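Please open the structure in your viewer and keep the selection panel at hand. This tour goes from stop to stop, telling you what to select and what you will find there.

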Amino acid sequence: MTLMPDVKARVTGRRTSPARVAGYVPGWVLPIAILGALLVLVPLVAMGTRVDWANFGTLVSSPSALAAVGLSLRTSLAATVWCVLLGVPMAIVLARMDFPFKALARTLVLVPLVLPPVVGGLALLYAFGRRGLLGGAFSFLGIDIAFSTTAVVLAQTFVALPFMVLTLESALRAQGAAYEGVAATLGARRGYAFRTVTLPLMWPALVAGTVLCFARALGEFGATITFAGSLEGVTRTVPLEIYLQREVDPDAAVALSLLLIIIALVIVGFAYRRPSGRSER
Amino acid sequence: MNLRPLSRAAFTFVSAALACTALSACSPNADSTASGHNGSETITVFAAASLTEPFAQIAENFEDENPALAVTMSFAGSADLATQIVEGAPADVFASANEAQMQSVVDAGLTAAPPVIFATNEPTIVVPADNPAAVSSFADLANPEVATVVCAPQVPCGAAELAVETATGVDVAPVSEESSVTDVLGKVTSGQADAGIVYVTDVARAGAAVIGIPIDGADAAVTSYPIASVTDADPGAQAFVDYVTSPAGQAVLADAGFGTP
Amino acid sequence: MRLRASAVVAARGLNATLTVESGRTLALLGANGSGKSSLLGVLAGVLRPDSGDASLGDAELFNLSPGSATWPRPDERPIGLLGQVPMLFPHLSALDNVAFPARARGASKPDARRAALQWLRAVDAETLSASRPRELSGGESQRVAIARALAAEPEILLLDEPLAALDVDSAQTVRAVLASVLAERTAIFATHDVVDASMLADDIAVMHDGHIVEAGPTRDVLARPQHPFTARMAGRGLVAGVRTDSGIRLPDGALVACALADDSAVGSGVLLTVRPGSVRVVPASARLAKPAANTVTAPVTALETHAESLRIWAGGLIADMNLEEARTQAPRPGDVVTMHIDPVGAVVYARAVSLPSD
């Protein structure tokens with residue numbers, strides 16, 4: 001067989017290892033990649049130099065910091081669950097179904113990506129606020145999400161959802177529906193084929209999308225402060241706490257920022273521990 | 001031989017990068033209002049965000065009276081501005097919304113003259129124009145049914161609100177402690193909150209969407225605005241400081257709702 | 001179970017009707033793009049035709065005709081489809097791939113796996129059961145895919161060029177597996193390879209440009225092709241003429257006296273088929289001015305250089321020249337050549353349908 005590695009991988013379903021394809025990378029890629037990495041790394045290192053390491057433990061374990069971290073983890077987790085529940089069907093519809101104005105729908109789904117988060121918060125306010133489009137219906141049902149933790153989750157879901165849809169949709173489109181077709185000719189109903197074929201095959205993309213959603217929710221600031229407010233233990237997530245601490249205690253703000261980064265790194269590292277997750281062995 | 005495509009790619013990349021940089025350099029900071037008197041001396045004023053409207057007016061009047069001087073404004077939170085000045089930002093004048101932030105600049109030895117108090121401000125209740133919770137006094141805010149938004153105690157407007165609580169003995173249970181007055185005002189303007197505590201000048205600025213309800217005992221929490229020229233500033237800087245404290249400058253500030261020292 | 005189907009897919013130029021008798025394997029023989037895959041797709045339910053209908057025994061399989069729109073999903077049809085590429089589920093072991101159809105029908109995992117092991121045994125792939133698809137060679141994958149298709153226990157098995165992507169050795173192994181699997185089974189086997197068709201199929205339907213141009217028992221179709229395309233696939237020369245007392249009169253007037261495969265009436269349209277080995281190119285020096293018996297004179301339409309010979313297509317006949325002859329005569333496309341047919345190797349038989357111009 002003299003197939004190119006990637007072609008062969010397609011035919012046989014084998015993965016190509018980076019070592020086998022590195023030879024195709026043009027020479028200018030690496031220096032520019034390093035430049036890009038520095039752009040990200042240098043500010044992180046610079047922040048590390050400003051951390052008051054002697055008091056780091058004290059700074060990140062103050063009651064308000066702990067309350068913010070706890071709240072951030074809870075809300076980001078909840079928002080991530082919502083992103084999975086809503087984003088998976090959205091991605092499947094966009095990748096696998098045809099309907100009028102589909103290009104427009106795809107663009108609209110991605111709007112929260114380009115919308116400045118503060119504007120996103122305003123939009124949420126106009127929709128779900130006490131005087132918003134749906135506010136009347138909500139208060140009729142006795143639901144008041146103003147200044148509640150629910151509002152934080154709503155804001156985080158709003159900004160994070162496009163990451164799930166984008167990641168999954170491109171994976172689903174690249175994957176095609178050939179395996180589902182095979183499953184059907186083997187007698188698998190659509191629901192069974194989805195559970196046993198589609199879901200496992202899109203698992204790596206689902207993990208990636210979930211991690212992105214969680215990271216985005218964890219860092220969400222603008223929409224939350226505009227839409228949900230800021231109260232310790234209720235709506236004041238870590239980014240809001242950082243913003244507030246910056247006014248009075250920059251050391252605490254920097255320490256908390258570092259904590260946020262560590263949390264994010266731990267989660268990303270955990271999710272990408274094996275690049276292909278379940279499908280290995 | 002092998003170098004040509006590489007250097008061409010590098011050239012494309014570098015020139016694209018330069019083009020991007022050049023484009024973004026056209027707008028160094030969006031919230032500075034520059035008056036471009038060509039060839040004249042330029043004074044850079046760092047002023048607290050709450051001073052945006054009156055200071056823009058004052059700068060205009062000042063330039064009319066001093067054609068040789070041009071004023072560039074940079075408005076932001078006082079803490080941000082103080083940090084920037086301490087980190088070496090090229091400010092000539094610093095007008096702070098509180099004395100603590102001015103003190104950090106003084107402590108850094110960066111003021112050319114002792115700061116002068118040029119305006120005062122005091123907290124007030126703000127409610128949506130239709131006042132849905134029928135708030136009439138500060139004591140009404142103790143009612144948990146009234147969704148009240150205040151500034152966090154860590155920021156000056158929150159400290160002022162706490163001072164009023166102490167002075168009046170009213171215990172407010174806010175639904176949100178915001179990081180800035182703007183956020184408090186936004187929650188009230190949108191009707192999300194029933195009431196908020198902001199400064200008198202903020203109500204004047206917010207227009208018809210909200211109404212202010214004066215607080216008995218607000219004088220316990222008067223905020224003073226200090227101004228000072230910065231070390232190594234041009235002589236024009238002190239002229240601007242003097243103009244702000246002159247009757248003409250004070251009149252503009254009074255129009256915006258500020259009190260006089 | 002007897003399958004009868006007809007389908008029209010205008011966008012792909014498909015308009016075909018076919019029948020597969022119960023327990024027999026039908027080879028759908030045609031070139032790439034002739035519509036074989038489309039026809040199988042229609043039967044499997046993955047390609048919806050513009051119109052058509054099909055029945056399996058007495059039961060309707062689908063019916064898309066005016067006033068009827070029965071179109072079951074693929075999973076609702078008792079039909080299995082094996083493609084050119086194995087398409088094993090990459091996240092499942094070989095065993096679980098084969099267990100998939102039973103699991104999809106609700107069997108428990110142990111039961112499905114037990115049955116899957118039997119099917120793997122049937123394709124001689126038992127030892128591969130724990131392997132992941134990416135660890136398998138092309139031939140191994142295809143054997144597992146066959147086991148998986150069988151495990152669905154379809155009433156009709158459709159095979160779409162299952163050997164085309166395999167190297168010679170793997171193809172041989174898989175061909176042997178298919179030969180045992182297809183015995184007694186109702187199946188349609190799409191292929192462009194006349195050898196595969198002759199080895200694996202009981203019947204042949206020849207597809208050309210979206211139509212089935214002829215069909216019948218494999219031996220008959222290949223030995224006495226009706227359509228020039230069939231003759232070409234079978235590697236035989238084919239010319240049309242008129243029946244005489246002792247053979248055939250060709251259009252240029254030449255007579256060929258040879259074996260008569262049926263008792264078609266004198267004067268009726270007949271076909272002559274002959275293998276390349278019984279056709280010889282007459283050297284230009286020996287050529288006669290007017291048509292002689294047992295010869296055909298026609299321009300060369302195609303040439304193909306082989307290791308030890310030069311193959312020439314002319315006037316519907318195929319002839320092989322040895323390299324010595326090829327060097328001295330050096331025929332080129334368009335050159336008029338005269339070919340001598342050895343009557344012993346030629347067969348004349350009735351022409352069933354009028355030939356479309358090829």
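Begin by selecting chain B and colouring it by pLDDT; the model is a predicted one, and for this chain the mean pLDDT is 83, with 85% of its residues reaching 70 or more. If you compare the elements of chain B, you will find the lowest mean pLDDT, 48, in helix α1 (residues 3-24) of chain B, while the highest, 94, belongs to strand β3 (residues 93-95) of chain B. Next select residues 1-6 of chain B, where the pLDDT is below 50 and where the model has 2 contacts beyond near neighbours in sequence. Then move on to residues 17-38 of chain B, a stretch whose pLDDT is also below 50, and for which the model has 17 contacts beyond near neighbours in sequence.

Now show the whole of chain B as a cartoon, in which you can look for 9 helices and 10 strands. Of the 261 residues in this chain, 45% are buried. Among the contacts in chain B with a separation of 6 or more, 77% are between residues 24 or more positions apart.

Keep chain B visible and add chain A, so that you can look at the place where they touch. Here 19 residues of chain A are in contact with 22 residues of chain B. On the side of chain A that touches chain B, select α14 (222-227) and α15 (238-248) of chain A, each of which supplies at least two residues. Which element gives the most to this side of chain A? It is α15(A), with 4 residues. When this side of chain A is sorted by class, it has 10 nonpolar, 6 polar and 3 charged residues.

Next, hide chain B and show chain C beside chain A, where 20 residues of chain A are in contact with 22 residues of chain C. The elements of chain A that give two or more residues to this side are α1 (5-12), α11 (178-185) and α12 (190-201), and the largest share, 6 residues, comes from α11(A). By class, the side of chain A that touches chain C has 11 nonpolar, 6 polar and 3 charged residues.

Stay with chain C and colour its two parts separately, since the domain assignment gives domain 1 (3-223) and domain 2 (235-350). The C-alpha centres of these domains of chain C lie 39 Å apart.

In chain C, look for an open sheet of 6 strands with mixed pairing, whose order is β14-β13-β12-β16-β22-β15. Its edge strands, β14 (255-257) and β15 (259-260) of chain C, each pair on one side only. Strand β15(C) pairs in the parallel sense with β22 (residues 346-350) of chain C, over 2 bridges; select Ala259(C) and you will find Val347(C), in β22(C), standing opposite.

For the last stop, turn to the nonpolar cores. In soluble globular proteins, nonpolar side chains tend to be buried together. The largest nonpolar core has 119 residues, of which Val98(C) and Leu158(C) touch the most other members. This core draws at least three residues from each of domain 1 and domain 2 of chain C. Select Leu158(C) and its surroundings: leaving aside neighbours within four places in sequence, its contacts include Leu40(C), Leu43(C), Ile79(C) and Ile188(C). Finally, select Trp82(A), Cys213(A), Leu231(A) and Val181(B), which are among the members of a second, separate core of 89 residues.

Methods
Residues numbered from 1 in each chain as written. Chains lettered and ligands numbered in written order. Predicted model: local features only at pLDDT ≥ 70, side-chain atom pairs only at ≥ 80, totals over all residues. Domains from an automatic or database assignment. Pairing = 2+ DSSP bridges. Contact = placed C-beta atoms within 7 Å. Nonpolar A, V, L, I, M, F, W, Y, C, P; charged D, E, K, R; others polar. Core = buried A, V, L, I, M, F, W, Y, C linked by C-beta atoms within 7 Å. Buried ≥ 20, exposed ≤ 12 C-beta atoms within 10 Å, placed from the backbone. pLDDT = per-residue confidence, 0-100.
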